[in-house]
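Dear colleague,

I am passing on to you the structure we spoke of, with the sequence alongside. Please look through it first, and then read the notes underneath.

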Amino acid sequence: MKLRKQVTVCGGAIFCVAVFSLYLMLDRVQHDPGRRHGGVSFPRNQISVLQNRIEQLEQLLEENHQIVNHIKDSVLELTGNADAHPGLLALQGNGSWVLPTDNHQTFLSVFPQDCQFALWNKEQNTDLQMLDVYSALKFDNVDGGAWKQGFEITYEQHEWDNEPLQVFVVPHSHNDPGWIKTFDKYYFDQTQHILNNMLLKLQEDTKRRFIWAEISFFSKWWDNIDAQKKAAVRRLAAEGQLEFVTGGWVMTDEANSHYFAMVDQLIEGHQWLENNIGVIPKSGWAIDPFGHSSTMSYLLKRSNLTSMLIQRVHYSIKKHFAANKILEFMWRQTWDTDSSTDIFCHLMPFYSYDVPHTCGPDPKTCCQFDFRRLPGGRISCPWKVPPKVINDANVAERASLLLDQYRKKSKLFKSKVVLIPLGDDFRYDKALEWDQQFQNYEKLFNYMNSHPDLHVQIQFGSLSEYFDAVYKANGVSPGSKPPSYPVLSGDFFTYADREDHYWSGYFTSRPFYKNLDRVLESHLRAAEILYSLALNHVRRTGVGIRYPVSDYRFLTEARRNIGLFQHHDAITGTSKEVVVVDYGLRLFHSLMNLKRVIINAAHFLVLQSKNDYKYDESSLFLQLDDRRQTHDTLPEKTVIKLESLPRYVVVFNPIEQDRLCVISVLTTTPRVKVTLIDGSNLPTQISAVWKSPTDMATDAYQVSFVARLPALGLAVFQLSETFTAPVNSNVAIYLRNRDVTVSKKEPFSVKILESSINDFFIENQHMQVWFNGVTGLMENIKRKDDQQEQKVRTEFVWYGTRTFKDKSGAYLFLPDGEARAYISKQTPITRITQGPLFSEVISFYRHFHQIIRLYNLPGAEGLSLDVSIVVDIHDQVNRELAMRLSTGIESGDMFFTDLNAFQVTPSKIQPRKYFQKLPLQANFYPMPAMAYIQDNHSRLTIHTAQSLGVSSLRSGQLEIILDRRLMQDDNRGLGQGLKDNKLTCNRFRILLERRVTSNKLSLGSLFQGLDVVNVQPTALSLLYPAKPSNNSLVFLKPMEISTFRIRMV
Ligand SMILES: [Zn+2]
């Protein structure tokens, strides 16, 4: 293990990944006469430039006032308690640090106008709440006969006499943008042929239809066809023969993806469609994501779609909904007390989206109507009854057999309109298949339509044609609620497709890339904002000629690469190893380019005189504070060489709030002072850098300082050598009788505890955090304003996988029972660093090391614990490593998780519940941003910087799966296990809050008198380290999509 790397990256700071600190390259610039102006030596000139930088920024920000305000208006401004710069702290004789009192209240009043939404006293009025459905269902999996997971469907012959059955057969081809093959390989082997044939075959008959979802593929094909074909595509789309459904860049995963990226890929696809085809999608089509989130239904609604379709929902729920004819419903957001977020949703009733499971309840029959499976072809029917070519002799019998299935399917819905998808993965790639499907179905249609006694109207249809017919049959306008249809709220996790096969493994599979995805998202946001600010300036001042305006292409490319990664086999960690590498390289490539965009924009923005701006592609003016060697390694921090001349650090805060935080950088000397441009000193802490648990580096030092960063602004700090003694942190190392030597050096004091097993603590002005002297892991937290100490014990546990039948794989979590304690053969070494700005404890185990850092800052930064866990389980076989937090909180069977970092499911609205009646693996849920447990007195929240699987298996517990190494495929088509584990750094914030029940403005069920100020900034700081994340929206009625992005037109 490359310990140095881990320590610098994870142990160093929370800002390890996405702090956009840039160093002015003074050494190099000084020798570059081209960068001197007016005879003034560079540094001085540069300082005066920088001195005026804040004014410049204010001016610039003023110009962007509207945008900023727009965003600001949409979020709760709850960071007001973090205003003060803490003073320098002194070391007492007894070795402890004197902590300043924080006069700022840790509670911030929430005014009614801050949260109108929370004050609504109206109860939500829905017919179906998914948690209630879960509570009511038995999940007994009774054999339903031909429809194994359902029941026998019967009907009367004359049911359609007055109102005929309307059948819409919708041809589709599900194209995964990467899974078994890479995106490009799929394109070249299959997708381009599918689309080429589509163009030919749709034009042969205007009655033919085809729907397409994945714009990533479509745009690639578009770039390769001529103008005549483009015109034909536009014509087919305009005439409704070709319908674009959802219209996202991909069919996004709905469990792990962050709503920033979900929105982004949707915008990317919709803009592409509007610009190139001139269409706007009306209907959503999500047949393959492994569980469905209400974030997606909200985004589709806000994107003006009127209807949507979902498929992968727990078979017991499908059966229940089918039995009650509620497979079509209005999907409402849990926070919505009227109906403004309602969208019409169709849930497909059967097991799969392939032909055997879409024509009706009996797959053996339906398979006979998948004419790709005609004898002699590459695929056949597993039910051993092959399709027959339709001819005059058999058409009556075939039509009757098929109509029986259609009628049975229609009995599961309220209207007499039935949707029959006709397709599968990468279908219609050969001209023959188009002919087989279209020609045989056309014969069946002709027969049925020409026999009035059958009372059926059947045709090829687009998805929207089906929905429109349903609306029409119900006498309502498109998108409106038909009178008898139910309203549903909640989500559709955790998915099971059969037996106890719950798809909760993919909530954690390949956590390295789940983290890298978020790193990219934060870089994209920063790059977009800085580029926009710079470009605005360029346009206003007219010095644009020298500015690399073409950087915009990197932004577009990054959006598309991140968009691609939201695909339901990408961020989910469910593609083949070679495809994972392809995604990784795309993300890595865009990360490099985004850094370049950030550097170019920041360089331009920090110059006082824009005329001095000189863009040199080969030699960038600034450098970033970390770099990755490859797509699958953790970043390393840049070491700033500090000699006689000062160096400058530019820090960008890409969130729309000021923030006070600790910034850590590495330098070549421990004698460093950090000053603002006005010359005032900032509080600093110098800490050792370690190459291993006990081996101190001799060539690098960590300098941490407290910085106040303006909203969406750049701040400049000067680093210079000082001859006054800086404030160093102290180190204590628990060796626990291990025979290792500790290398230490000046100026740090290192206390070696050879055999001590005494519990110890670190503290700040808000709390003490106690650790177990034997394990080095957290035991409890004692808030200084609370007499009661709270148990928050960290444990690590292993899950195994079953030894018989189906085993865990990339999708499935099939554990061999409860988790077993992680037992370490060697006692761990624990290293404790204590200083005025932060203290941290690192415990080193063979398969992980845990870093817990406590900042000594006012506000949320000081009230939460910054936790990084570096995991390496590549030597394990069929094991999954989990972190378990055990507390005294009496949470019972309730816990709470967010959806796509967009909506937490607050108490009484949509909590999660541990169900005894379900197997262990069914009780795990996705955790894209946070999870919490609570009782009347406390709430423990864990915020996460990457999506992982979470559960609460016992009262007071939260458990997170950190990584999984699985040797086998789990029979869902991937054909591989998960064996490419990387050294992964999972990052969290843990926040323990008191709940207050009196003398506070009551905000209904939403905040429950909670110390809300602490929740939001903590979550924010994980996605946008030097600035926080997205969770500002968690408790709010989310912003309109138009405000999410500052985008160039
Ligand atoms: Zn798929």
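The notes below go from the whole chain to the metal site, then to the aromatic residues, and end with some single positions.

Please keep in mind throughout that this is a predicted model. The protein chain has 1049 residues, of which 67% count as buried, and its secondary structure consists of 23 helices and 43 strands. Among the contacts in the chain with a separation of 6 or more, 75% are between residues that are 24 or more positions apart. The accessible surface comes to about 35,700 Å², and carbon and sulfur atoms account for 49% of that surface.

The metal site

The zinc ion is coordinated by two histidines and two aspartates, namely H174 and H568 through NE2 and D176 and D288 through OD, at 2.0 to 2.1 Å. Along the sequence these donor residues follow the spacing H-x1-D-x111-D-x279-H. D176 belongs to the loop between β3 (165-174) and α8 (183-203), while D288 belongs to the loop between β6 (283-286) and α12 (294-302), so this pair ties together parts of the chain that are 112 residues apart in sequence. Both aspartates are covered by the protein: D176 counts as buried because its relative accessibility is 1%, and D288 counts as buried because its value is 5%.

Why is the arrangement around the zinc ion irregular? The angles that the four donor atoms subtend run from 92 to 162 degrees, whereas four donors would count as tetrahedral if all angles lay between 85 and 135 degrees. The upper end of that range is therefore what rules out the tetrahedral label, and the arrangement is classed as irregular.

Aromatic residues and charges over rings

The count of aromatic pairs comes to 69. One of them joins W798 and Y822, whose ring centres are 5.5 Å apart and whose planes meet at 35 degrees, so the pair is tilted. W798 lies in strand β28 (residues 790-799) and Y822 in the loop between β29 (820-821) and β30 (829-834), so the pair ties together parts that are 24 residues apart in sequence. Both W798 and Y822 are buried.

Another pair is formed by F838 and Y855, with ring centres 6.2 Å apart and planes at 65 degrees, so this pair is edge-to-face. F838 is in strand β31 (residues 838-844) and Y855 in strand β32 (residues 848-855), 17 residues apart. F838 is buried, with a relative accessible area of 1%, and Y855 is buried as well, at 0%. The ring of F838 also has a charged neighbour, since R853 lies over its face at 3.5 Å from the ring centre. In a further case of this kind, the charged end of K220 sits over the ring of Y187, 5.3 Å from the centre of that ring.

Single positions

Two residues may be described with reference to F371. D435, in helix α16 (residues 431-449), has its C-alpha atom 9.2 Å from that of F371, although the two are 64 residues apart along the chain. D435 is buried, with a relative accessible area of 18%, and, leaving aside residues up to four places away in sequence, D435 touches K201, E204 and N440. V355, in the loop between β9 (343-347) and α14 (363-366), has its C-alpha atom 9.5 Å from that of F371, at 16 residues along the chain. V355 is buried, with a relative accessible area of 2%, and, with the same residues left aside, its contacts are C366, F369, D370, L422 and G423.

The backbone has some features to check by eye. The peptide bond from F493 to T494 is cis, with omega near 5 degrees, and T494 is found in the loop between β12 (487-489) and α18 (511-541). The peptide bond from E746 to P747 is also cis, with omega near 5 degrees, and P747 is found in the loop between β23 (730-734) and β24 (750-753). K325, which is not a glycine, has a positive phi of about 55 degrees; K325 is placed in the loop between α13 (315-323) and β8 (328-332) and is partly exposed, at 31%. N878 likewise has a positive phi, near 50 degrees, and counts as buried at 16% relative accessibility.

With kind regards

Methods: Residues numbered from 1 in each chain as written. Predicted model: local features only at pLDDT ≥ 70, side-chain atom pairs only at ≥ 80, totals over all residues. Heavy atoms only, no water. Donors = N, O, S within 2.8 Å, 3.2 Å for Na, K, Ca; no water. Tetrahedral: all angles 85-135°; square planar, octahedral: opposite > 155°, others 65-115°. Helix = DSSP H or I, 4+ residues; strand = E, 2+ residues; numbered from the N terminus. Buried < 20%, exposed > 50% of the residue type's maximum accessible area, 1.4 Å probe, protein only. Phe/Tyr/Trp six-rings, centres within 6.5 Å; stacked < 30°, edge-to-face > 60°. Lys NZ or Arg CZ within 6 Å of the ring centre and 35° of its normal. Contact = heavy atoms within 4.5 Å. Areas by Shrake-Rupley, 256 points an atom, 1.4 Å probe, with all protein chains shown as cover.
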